[in-house]
Amino acid sequence: EDKSQQAFQKKFQEIVSTAKEMGFDALIVHVRPFGDALYQSSYYPWSHTLTGIQGQDPGYDPLADMVELAHQAGLEIHAWINPLRIRTGNTPSELAPTNPYEIWKIDNDPSNDQWTVDLGEDGIYYNPSYAEVRKLIIDGVREIVEKYDVDGIHMDDYFYPTQEASFDQAAYQEYQNQIGEGNIPLTLEQWRVQNINALVSGIYGAVKSIDQSVVFGIAPQGNMENCKNMYADIQTWGSTNGYVDYLCPQMYFTFDNPYQPYGDVAKAWRDMVTLPTVRLYAGLAVYKAGSNEYDNGLWGKADDILKREMEYAQSNGFDGAFLYSYDYLRTEQTSKEMENIEDLLA
């Protein structure tokens, strides 16, 4: 074992111990933040978050270590992937030559030139319109479930990064051309929704084909309008077999938020998720707790907001809560809020 692995294990052991102390039962760990991997992958380069350089082998397998340490402590561990993001702003500053984006750019195959989209300052994304791209993402998930004893696969709230028609113009045109005479094509919006649904159901199917006990869930934006703008079909996922095992809307709002009051948002989600096999969790914003920075200072007005949100979710038919993020569990800013939560979990 080299020093970097020891340092990684020590840091993760701290995370595990803190989670246990506080009464949590699962960890959601980011293993594919930027079309990369915190594990040995056949599809994606090593993540720059490990060594500073994308594609550089850290000399150990972080996901294997995380699974082992979490399970030793009796915690579940879920592998969190960001499906479409390759880069945002200047992160990572350089992509590895083995990154599919770089490979497709220089191979002499024009058919894959549209598989990624460069949005300038807004970053680079996989284009989910193409079956080949969806297959790459699904195969990447398949690899995790086959190789690691994870308890779940988790996806966050980033789907289409823009509503601009130019994002996937060529693919949509291609689709319209293939429709054939007399058939009415889907609108751009319907078609994009269908692409994301194909990705989501494809991941679900892949996970279940390998191990029925591994769960697949999504943490969409709490604001339902935002989900719609990203073509995330939360309604279908929450009411139809074959998409998800759970939804965890990011309800990062206070009860007195003038636009998205927590109580109303929670109720809307509870009403929408109608399939009994789909669990519903409240995604809560630990990072906002005790701070005056967010939502015009609403979070600084009380020190039991998260506790009341957890209680509210519990008494309104939610199956539990996810807290984001670990970095804020033990800080001066959140200490009062977290004490109250620990009392609740004790």
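Student: How are the words buried, exposed and partly exposed to be read, and how does Gly23 count?

Tutor: Buried means under 20% relative accessible area, exposed over 50%, and partly exposed in between, computed with a 1.4 Å probe on protein chains only. Gly23 has 41% relative accessibility, so this residue counts as partly exposed. The model is a predicted one, in which local features need pLDDT of at least 70, side-chain atom pairs count only at pLDDT 80 or more, and totals for chains, interfaces and linings use all residues. Residues are numbered from 1 along each chain as its sequence is written, and side-chain values use heavy atoms, with hydrogens and water left out.

Student: Where is Gly23 found?

Tutor: Helices (H or I, at least four residues) and strands (E, at least two) are DSSP runs, numbered from the N terminus. Gly23 sits in the loop between helix 1 (3-22) and strand 1 (26-32). Its C-alpha is 6.6 Å from that of Ala346, although 323 residues separate Gly23 and Ala346 in sequence.

Student: How should the overall dimensions of the protein chain be read?

Tutor: The radius of gyration is taken over C-alpha atoms, and the globule rule is 2.2 Å times the number of residues to the power 0.38. For 346 residues the rule gives a radius near 20 Å for a compact globule; the protein chain has 21 Å, which agrees. Along the principal axes, the C-alpha atoms fill a box of roughly 60 × 55 × 40 Å. Of the 346 residues, 52% count as buried, and the chain holds 12 helices and 11 strands.

Student: What order do the strands of the six-stranded open sheet have?

Tutor: Two strands pair if DSSP finds at least two bridges between them. The open sheet of six strands has the order 1-2-6-7-8-9, with parallel pairing. Strand 1 and strand 9 (279-280) are the edge strands, each pairing on one side only. Within this sheet, strand 7 (residues 215-218) and strand 8 (residues 246-247) pair in the parallel sense over two bridges, and Gly217 stands opposite Tyr246 in strand 8.

Student: Which strands does helix 1 touch, and what angle does its direction make with strand 1?

Tutor: Contact means heavy atoms within 4.5 Å. Axes are lines fitted to C-alpha atoms, for helices over the stretch in contact, and angles run from 0 to 180 degrees between N-to-C directions. Helix 1 packs on the sheet and touches strand 1 and strand 2 (76-81), at about 150 degrees to the direction of strand 1. Helix 5 (residues 131-147) lies across strand 1, strand 2 and strand 6 (152-155), at about 130 degrees to strand 1.

Student: Which residues of helix 11 are buried, and how are they arranged around its axis?

Tutor: The arc is that of the directions from the helix axis to the C-beta atoms. In helix 11, Ile305, Leu306, Glu309, Met310 and Ala313 are buried. Seen down the axis, these buried residues fall within an arc of 135 degrees, so they line one face of helix 11. On the other side, Gln314 and Ser315 are exposed. The cover over the buried residues includes helix 10 (262-272), strand 10 (282-285), strand 11 (321-324) and helix 12.

Student: At what angle do helix 11 and helix 12 pack?

Tutor: Helix 11 (residues 305-315) and helix 12 (residues 335-345) pack at about 30 degrees, with axes 7 Å apart. Residues making the contact include Leu306 and Met310 of helix 11, and Ile341 and Leu344 of helix 12.
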